[in-house]
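Trainee: Got a minute to walk through this one with me? I'd like to go over it bit by bit.
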Amino acid sequence: MRTVWEGDRRTAEQLIGQFAARHGLALERGETSGIQRAHYLTAEGGFPAAAAFAVAAPAGVRDKQRKYFEEAWTRHTGDVGPRWDPLRPLPTPDPPRPTGGKPLIRQARSVGGVNLIA
């Protein structure tokens, strides 16, 4: 998810519609969200598959990208880098959790009939 433009919702949706019309793309509306997307790469056939679309997302959505995404994207699509210039660089990933990604489970203690979990 990369932010390439910021502004009001109405203008964002108009830009998505213009993008779709200019490139001959169909606008597809999300079944539950109702948000229109202009798919410029559709996943067809089996796996591995890749899909990409432009969408007017709510303000405050955090730019993000999973580890090794670029390598997998290039391997599946042949594209290198983002299609448009993002507004800002990706945030620094959070450091790995000391528990290896698993939640740390601690034993509950009971003091005076009250369970305490630290």
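Trainee: Is R9 buried or exposed?

Mentor: In between: R9 counts as partly exposed, at 37% relative accessibility. Buried means under 20% relative accessible area, exposed over 50%, and partly exposed is in between, with a 1.4 Å probe and protein chains only. Before going on, this is a predicted model, where local features need pLDDT of at least 70, side-chain atom pairs count only at pLDDT 80 or more, and totals for chains, interfaces and linings use all residues. Residues are numbered from 1 along each chain as its sequence is written, and side-chain values use heavy atoms, with hydrogens and water left out.

Trainee: OK. What does R9 form a salt bridge with?

Mentor: With E13; the closest N and O atoms are 3.0 Å apart. The term needs a side-chain nitrogen of Lys or Arg within 4 Å of a carboxyl oxygen of Asp or Glu. By this rule the count comes to 1 salt bridge.

Trainee: Why can those two pair up?

Mentor: Side chains of opposite charge can pair when their charged atoms come close. Here, R9 and E13 are 4 residues apart in helix α1 (residues 9-23), so about one helical turn separates them. E13 is also partly exposed, at 38%. Helices (H or I, at least four residues) and strands (E, at least two) are DSSP runs, numbered from the N terminus.

Trainee: Now the strands. How do β2 and β3 run?

Mentor: Antiparallel, with 4 bridges joining β2 (residues 36-41) to β3. Two strands pair if DSSP finds at least two bridges between them. A38 has A54 as its bridge partner in β3.

Trainee: And which residue stands opposite A38 in the case of β1?

Mentor: That's L27. Strand β1 (residues 27-29) pairs with β2 in the antiparallel sense too, over 3 bridges. The two form a hairpin with 6 residues between them, and G34 in the turn has a positive phi of about 75°.

Trainee: Which residues are on the covered face of β3?

Mentor: A52 and A54, while F53 and V55 are on the uncovered face of that strand, residues 52-55. In a regular strand the side chains alternate between the two faces of the sheet.

Trainee: What about H39, buried or exposed?

Mentor: H39 counts as buried at 19% relative accessibility, and sits in strand β2. Leaving out residues up to four places away in sequence, H39 touches L25, A26, E28, A52 and F53. Contact here means heavy atoms within 4.5 Å.

Trainee: Switching topic: where does D63 lie?

Mentor: In the loop between β3 and α2 (69-77). D63 is buried, with a relative accessible area of 4%. Its side chain makes a polar contact with the side chain of T3, at 2.6 Å. A polar contact is a pair of N or O atoms within 3.5 Å; within protein, one must be able to donate a hydrogen and the other to accept it, and residues adjacent in sequence count only if both atoms are side-chain atoms. Beyond four places in sequence, D63 touches M1, R2, T3, R88, L90 and P91.

Trainee: Last one: where is W84 found?

Mentor: In the loop between α2 and β4 (109-111), partly exposed at 32%. W84 touches V4, F19 and Y40, not counting residues up to four places away in sequence. W84 and R2 are 82 residues apart in sequence, but 9.1 Å apart in space, C-alpha to C-alpha.
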